[in-house]
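Student: Could you take me through one part of this structure in close detail? I would like to start from a single residue and then see how the rest of the chain is laid out around that topic.

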Amino acid sequence: MSEPRKPVVATVEDDESMRLLLERILINGGYDARPFPDGESALEWLKTGRPDLILTDVMMPGATGYEFCARLQADPELALIPVIFLTSLDSAHDKAQALAAGADMITVAANPGEPENSPAFLVREAIVTAVRTGIIPLKRLLEAESRVRRFRGLLARKPPRPSRKKGVS
């Protein structure tokens, strides 16, 4: 009998030590971790891979987490993947910008030195909250409904009828 599929969590984090730490936290938590150093490499992987959740940083060189999230939202195939920002940015403007970009949740480490703001705690809190509030299952349900609607649309299309020209039998 095969093992059940582990939930896949993609992380987008430019800081290598934080990326490795997040990967260890996720693997130890029973997740299939897919770490990426930037949004571009994550988007490349997303052409074929589908995570159950994306955890992303905000401040990264090149495209920011906001821009990465906005690109996900612009693609109907990727827009339903839940996105959680892990950040130290705590202003109302930062939170509004994350939500406007399409984030499902923002987890803020206001005082990174405190135990309740450790990366392990924040990742667990983010994932547990996403599952409890229904962000992850709801997005999966919406994705499935979207596929069903597209399939029904294809079935509803009638094949073109051959045209009959007058005087031709």
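Tutor: Let's begin with Asp32, which belongs to strand β2, residues 32–36. Do keep in mind that this is a predicted model. Is Asp32 buried or exposed? Neither label fits: its relative accessibility is 24%, and because buried means under 20% and exposed over 50%, Asp32 counts as partly exposed.

Now look at what surrounds this residue. If we set aside neighbours within four places in sequence, Asp32 is in contact with Lys6, Pro7, Val8 and Val9. Take Lys6 from that group: 26 residues separate Lys6 from Asp32 along the sequence, yet their C-alpha atoms are 5.7 Å apart in space. There is also a link inside the strand's own stretch, where the side chains of Asp32 and Arg34 are joined by a polar contact of 2.9 Å.

That pairing across the sequence leads on to the chain as a whole. Among contacts with a separation of 6 or more, 61% are between residues 24 or more positions apart. The chain has six helices and five strands, and from the N terminus their order is β-α-β-α-β-α-β-α-β-α-α. Of its 169 residues, 37% are buried.

Next, the empty space inside. The structure has two cavities of 30 Å³ or more, and the second largest of them holds about 30 Å³. Thr11, Val12, Glu13, Leu22, Leu55, Thr56, Asp57 and Leu86 line this second largest cavity. Two elements, β1 (8–12) and β3 (53–56), each give two or more residues to that lining. Sorted by class, the lining comprises four nonpolar, two polar and two charged residues.

Finally, a helix worth your time is α4, which spans residues 92–101. Which of its residues are buried? They are Asp94, Ala98 and Ala101. Viewed down the axis of α4, these buried residues fall within an arc of 65°, so they line one face of the helix. The spacing has a general background: an α-helix has 3.6 residues a turn, so residues three or four places apart point the same way. Ala92, His93 and Ala100 sit on the other side of α4 and are exposed. After α4 comes Gly102, with a positive phi near 115°.

Notes: Residues numbered from 1 in each chain as written. Predicted model: local features only at pLDDT ≥ 70, side-chain atom pairs only at ≥ 80, totals over all residues. Heavy atoms only, no water. Buried < 20%, exposed > 50% of the residue type's maximum accessible area, 1.4 Å probe, protein only. Helix = DSSP H or I, 4+ residues; strand = E, 2+ residues; numbered from the N terminus. Arc of directions from axis to C-beta. 1 Å grid on protein atoms, 1.4 Å probe; cavity = no way out; pocket = protein on both sides within 12 Å on 5 of 7 lines; lining within 4 Å. Points joined across faces, edges and corners; volume = space filled by probe spheres on them. Nonpolar A, V, L, I, M, F, W, Y, C, P; charged D, E, K, R; others polar. Contact = heavy atoms within 4.5 Å. Polar contact = N/O pair within 3.5 Å; in protein donor to acceptor, adjacent residues only side chain to side chain.
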